[in-house]
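Let's take a walk through this model together. Keep the viewer open and turn the structure as you read.

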Amino acid sequence: CWLIAMAGLTSILTNPAAIAINQQYAGNAGDLLTEFNSSAVSTRTEELEVWLKPLPEGRVALALLNRGADRTAAASTITVELGDLGMSGPALVESVWDATREVLEGGQIVRDVPPSGVA
């Protein structure tokens with residue numbers, strides 16, 4: 001239903017943390033990482049995308065997208081190697097969707113992203 005889809009879109013478009021990332025400019029609007037580094041996505045790359053946007057103070061924003069249209073399908077696992085981002089050691093990861101924070105000691109960000117979803 002269009003109204004259900006619009007409700008999900010509205011929550012993305014009005015998310016204050018996502019807007020703040022959008023408004024930050026550190027010399028680059030962002031790049032589709034999966035075109036440049038095929039190891040960034042672990043499954044079904046034709047539907048999965050990893051976007052990277054440099055932010056001030058050496059920070060980066062990542063968007064992990066599942067462009068799959070079948071909402072009844074299972075979530076897909078997206079894996080990003082921190083080394084592929086030029087990062088090493090522990091990294092603080094914060095979700096703009098639910099404001100959770102975690103320190104990654106390992107070298108990977110791994111998220112399950114549902115069809116038509118973002119992480």
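Leaving aside its neighbours within four places in sequence, which residues is Ile 12 in contact with? Before you look, bear in mind that this is a predicted model. The contacts of Ile 12 beyond that local window are Ala 18, Trp 97 and Val 118. To find the starting point, go to helix H1, which covers residues 2–13 and holds Ile 12. Another way to get your bearings is through Val 96: 84 residues separate Ile 12 from Val 96 in sequence, yet their C-alpha atoms are 9.7 Å apart in space.

Is Ile 12 buried, exposed or something in between? Its relative accessible area is 35%, so Ile 12 counts as partly exposed. You can also see Ile 12 as part of a group, because Ile 12, Leu 13 and Trp 97 make up a nonpolar patch on the surface. Together, these three residues have about 270 Å² of accessible area. Trp 97 thus appears twice in this part of the tour, as a contact of Ile 12 and as a member of the patch.

From here, let Val 118 lead you to the sheet. Val 118 is a contact of Ile 12, and strand E8 spans 117–118. Strand E8 belongs to an open sheet of four strands, which run in the order E1-E2-E3-E8 with antiparallel pairing. At the edges are strand E1 (31–32) and strand E8, and each of them pairs on one side only. The partner of E8 is strand E3 (residues 60–66), and the two are joined in the antiparallel sense over two bridges. For one exact spot to click on, take Asn 66, whose bridge partner in E8 is Gly 117.

Next, the charged pairs. How many salt bridges does the structure hold? There are three. One of them joins the side chains of Arg 67 and Glu 49, at 3.4 Å from N to O. This pair links distant parts of the chain: Arg 67 sits in the loop between E3 and strand E4 (76–81), while Glu 49 is in strand E2 (residues 48–54), 18 residues apart. The two ends have contrasting surroundings. Arg 67 is exposed, with a relative accessible area of 57%, whereas Glu 49 is buried because its 17% falls under the 20% cut-off.

A second pair is Glu 94 and Arg 101, whose closest N and O atoms are 3.2 Å apart. Glu 94 is partly exposed at 44% relative accessibility, and Arg 101 is exposed at 57%. The side chains of Glu 102 and Arg 111 also meet in a salt bridge, with 2.5 Å from N to O. Both ends of this bridge are partly exposed, Glu 102 at 35% and Arg 111 at 23%.

Val 93 makes a good last stop, as it touches residues from the pairs you have just visited. Look for Val 93 in strand E5 (residues 91–94). Not counting residues up to four places away in sequence, Val 93 touches Thr 100, Arg 101, Glu 102, Leu 104, Ile 109 and Arg 111. Is Val 93 buried or exposed? With a relative accessible area of 18%, Val 93 is buried. For a final landmark, turn to Val 60: it is 33 residues from Val 93 along the chain, and the C-alpha atoms of the two are separated by 9.9 Å.

Definitions and conventions: Residues numbered from 1 in each chain as written. Predicted model: local features only at pLDDT ≥ 70, side-chain atom pairs only at ≥ 80, totals over all residues. Heavy atoms only, no water. Patch = residues over 30% accessible without salt bridge, like charges linked within 9 Å, V, L, I, M, F, W, Y side chains within 5 Å. Areas by Shrake-Rupley, 256 points an atom, 1.4 Å probe, with all protein chains shown as cover. Salt bridge = Lys/Arg side-chain N within 4 Å of Asp/Glu carboxyl O. Buried < 20%, exposed > 50% of the residue type's maximum accessible area, 1.4 Å probe, protein only. Contact = heavy atoms within 4.5 Å. Pairing = 2+ DSSP bridges.
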